[in-house]
Structures are given as structure tokens and as C-alpha cells.
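Subject: Structure for you to look at

Hello,

Here is the structure I promised to pass on. My notes follow below it.

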Amino acid sequence: MSHLVLRLLAVCTLVSPAGWAEVPEECIQAPERQTYCPHTLYRVARVAVPSLAINQGGMVCLCLSDLTDIPASRQQAAFSSIAREYALPPQALFQLLEIPAPDWATENNQ
């Protein structure tokens, strides 16, 4: 067992701190959120998020609770509010989630 612990410590010391620097400090979430996001997702950004200094291909954090746990009747208003907060078109949020954007999101991007 002690060999396993020593190996884990060795691996942890070999991991570059530069790799940790790419983890975003802030998640894309609803502007009114005042509490910790209960369901976050880290993934490669398919689009840049300049307001968070995230380039396309960088790592992005998404608060899935604010992006997927909303009724369909409120989706347009919620996505528009979040997109406005991060200076993105609503379609970009769908690209970050890697799901098809509804018609209303693609129409607003033209």
C-alpha cells in the first residue's frame, strides 16, 4: 500500500502547474446565481469566451444547472440573459454545450 501512495505522490509532483493554470476560475452561469453551482461541466471550448479570457480550444466551465435545468418556456430568456452576461450570442452557449441550437438562437445570430 505504501508503494501506491509513493507513486501517487511522485505523479502529483510531476504534473506541471502550467496545466493547472488552464482550469478556468469562473463558470458560465446565470447572472442571478448567488450560490455555488451544484452541477458543473468542464470541457474544451468550441468557441472563444473573450469575457473570461478563454480561447477556442481552451477549457471552459459550464454550470449545467443554469443551462439545462430550465423549462422550455423559459429557455430563450435564460440563455439570452446568460449570453448577454458573457458578451456572447445565445448560439455560442449551445456550441459550448455541444448540442444543436434551436431556431430562435440561430436567428438572433444573423
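Please keep in mind that this is a predicted model.

I began with the core. The largest nonpolar core has 23 residues, and Ile28, Val49, Val60, Leu93 and Leu96 have the most contacts inside it. Two or more residues each come from β2 (59-63), α3, α4, α5 and α6. Of these, α5 gives the most, with 5 residues. In general, nonpolar side chains in soluble globular proteins tend to be buried together.

Leu96 is worth displaying with its surroundings. Leaving aside neighbours within four places in sequence, Leu96 is in contact with Ile28, Arg43, Ala45, Arg46, Val47, Val49, Val60, Leu62 and Leu88.

Next, helix α4, which covers residues 72-85. Its 14 residues reach 20 Å from the first C-alpha to the last, close to the 20 Å expected at 1.5 Å a residue. The buried residues of α4 are Ala78, Phe79, Ser80, Ser81, Ile82 and Ala83. What covers them includes α3 (64-68), α5 (90-97) and α6 (103-107).

Two alanines have backbone angles to check. Just after α4, in the loop between α4 and α5, Ala87 has a positive phi of about 55 degrees although it is not a glycine. Ala53, in the loop between β1 (40-44) and β2, also has a positive phi, near 60 degrees. Are these residues buried or exposed? Ala53 counts as exposed because its relative accessibility is 67%, over the 50% cut-off. Ala87 is at 66% relative accessibility and therefore counts as exposed.

Regards

Technical notes
Residues numbered from 1 in each chain as written. Predicted model: local features only at pLDDT ≥ 70, side-chain atom pairs only at ≥ 80, totals over all residues. Heavy atoms only, no water. Helix = DSSP H or I, 4+ residues; strand = E, 2+ residues; numbered from the N terminus. Expected span 1.5 Å × (residues − 1). Buried < 20%, exposed > 50% of the residue type's maximum accessible area, 1.4 Å probe, protein only. Contact = heavy atoms within 4.5 Å. Core = buried A, V, L, I, M, F, W, Y, C linked by side-chain atoms within 4.5 Å.
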